[in-house]
Amino acid sequence: MDLLRPYLLSITHNLPHPLPTLGANLLTPHCYNQLILNLSLQNPCLSLAISKILGLAIITLSALVKIPQILQLLSSHSAAGVSFLSYFLETFSYLVTL
């Protein structure tokens with residue numbers, strides 16, 4: 001890691017504008033500085049980052065799983081057999097996790 005550190009630091013300190021803001025908003029600004037800008041993986045912020053990444057991946061992938069069903073609903077022009085309560089509870093759970 002020490003061999004790559006100068007190269008990685010030059011990349012992390014020159015990220016395009018929206019990425020540092022997004023990183024500081026997802027993590028705390030302190031954790032963003034420790035993990036991304038200082039490349040310090042030996043701190044409690046690493047578990048926070050892993051937790052956030054896993055949570056976002058789960059939400060994103062669970063939403064992507066619905067795409068084939070949505071496409072089939074659009075092509076058939078019918079929502080027959082779709083449980084309203086099921087979609088309501090799923091949407092509500094997405095809102096709670098955000």
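Start by colouring the chain by burial: in this predicted model, 12% of the 98 residues count as buried. While the surface is on screen, note that the chain exposes about 7,600 Å², and that carbon and sulfur atoms supply 73% of that area.

**Step back to the whole chain**

Now switch to a cartoon view. You will find six helices and zero strands, so the run of elements from the N terminus reads α-α-α-α-α-α. How spread out is the chain? Its radius of gyration is 20 Å, well over the 13 Å that the globule rule gives for 98 residues, so the chain is more spread out than a compact globule. Turn the model along its principal axes and the C-alpha atoms fill a box of roughly 60 × 25 × 25 Å.

If you like to display contacts, take those with a separation of 6 or more: 42% of them are accounted for by residues 24 or more positions apart.

**Select the largest pocket**

Next, pick Gly 23, Leu 26, Leu 27, Ile 36 and Ile 53. Among the 13 residues that line the largest pocket, these lie nearest its centre. The volume of this pocket is about 270 Å³. Which elements should you highlight around it? Two or more lining residues come from each of α2 (18–26), α3 (29–37) and α4 (45–64). Colour the lining by residue type and you get 11 nonpolar residues, one polar and one charged.

**Visit two loops**

Move to the loop between α3 and α4, where Leu 39 lies. Check its backbone: phi of Leu 39 is near 55°, a positive value in a residue other than glycine. Is Leu 39 buried or exposed? Leu 39 counts as buried, because its relative accessibility is 13% and the cut-off for buried is under 20%.

Then go on to His 77, in the loop between α5 (67–76) and α6. Here too the backbone is worth a look: His 77 is not a glycine, yet it has a positive phi of about 55°. With 72% relative accessibility, His 77 counts as exposed, since exposed means over 50%.

**Finish at the C-terminal segment**

Last, select Leu 98, in the segment after α6 (84–97). Leu 98 is exposed, with a relative accessible area of 76%. Add Gly 55 to the selection and draw a distance between the two C-alpha atoms: Leu 98 and Gly 55 are 9.6 Å apart in space, although 43 residues separate them in sequence.

Notes
Residues numbered from 1 in each chain as written. Predicted model: local features only at pLDDT ≥ 70, side-chain atom pairs only at ≥ 80, totals over all residues. Heavy atoms only, no water. Helix = DSSP H or I, 4+ residues; strand = E, 2+ residues; numbered from the N terminus. Rg over C-alpha atoms; globule rule 2.2 N^0.38 Å. Buried < 20%, exposed > 50% of the residue type's maximum accessible area, 1.4 Å probe, protein only. Contact = heavy atoms within 4.5 Å. Areas by Shrake-Rupley, 256 points an atom, 1.4 Å probe, with all protein chains shown as cover. 1 Å grid on protein atoms, 1.4 Å probe; cavity = no way out; pocket = protein on both sides within 12 Å on 5 of 7 lines; lining within 4 Å. Points joined across faces, edges and corners; volume = space filled by probe spheres on them. Nonpolar A, V, L, I, M, F, W, Y, C, P; charged D, E, K, R; others polar.
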